[in-house]
Amino acid sequence: MIKKVPRYLLTFFNTSGAIAVERFCKEHEIPGRLIPVPREISASCGLSWAVLQEEKDCLALVEREFAEEIEGKWMLDV
């Protein structure tokens, strides 16, 4: 069984925004990965960028650079 851990999620209006964030994070060595949006929430494109709760401060740059692409911010156990 997969253990659920607290994660900070960014959801996006569209898939191109999610892919752009993934590319940006990899280029800048920002932790996280793209995952499907959990059932507890809904988002337009169905993808979210997830980081461990303790790493959420690393996303400040991402949130500034991609503010127009980000649909929502969530803290969930996934």
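User: What makes E2 and E4 the edge strands of the open sheet?

Analyst: In this predicted model, the sheet has four strands in the order E2-E3-E1-E4, with antiparallel pairing. Strand E2 (33-36) and strand E4 (70-77) each pair on one side only, and that's what makes them edges. Neighbouring strands are turned by 35° against each other on average, ignoring direction.

User: How do you know that E1 and E3 pair?

Analyst: Two strands pair if DSSP finds at least two bridges between them. Strand E1 (residues 6-12) and strand E3 (residues 47-52) run antiparallel and are joined by five bridges, so they count as a pair. Leucine 10 stands opposite tryptophan 49 in E3.

User: What does helix H1 touch when it packs on the sheet?

Analyst: Helix H1 (residues 15-27) touches E1, E2 and E3, and its direction makes about 30° with that of E3.

User: Why is leucine 61 called partly exposed?

Analyst: Its relative accessible area is 30%. Buried would need under 20% and exposed over 50%, so leucine 61 lands in between. This leucine lies in helix H2 (residues 60-65).

User: Why does arginine 7 have no salt bridge?

Analyst: Arginine 7, in strand E1, is buried, and the nearest side chain of opposite charge, glutamate 55, is 6.8 Å away. A salt bridge has to be within 4 Å, so that pair doesn't qualify.

User: What lies 3.4 Å from a polar atom of the arginine 7 side chain?

Analyst: That's the backbone oxygen of valine 78. The cut-off for a polar contact is 3.5 Å, so this distance fits within it. Arginine 7 also touches other residues, including Trp74, Met75 and Leu76.

Conventions
Residues numbered from 1 in each chain as written. Predicted model: local features only at pLDDT ≥ 70, side-chain atom pairs only at ≥ 80, totals over all residues. Heavy atoms only, no water. Helix = DSSP H or I, 4+ residues; strand = E, 2+ residues; numbered from the N terminus. Axes fitted to C-alpha atoms, helices over the stretch in contact; angles between N-to-C directions. Contact = heavy atoms within 4.5 Å. Buried < 20%, exposed > 50% of the residue type's maximum accessible area, 1.4 Å probe, protein only. Lys, Arg positive; Asp, Glu negative; His and termini not counted. Polar contact = N/O pair within 3.5 Å; in protein donor to acceptor, adjacent residues only side chain to side chain. Lists of a residue's contacts leave out its neighbours within four places in sequence.
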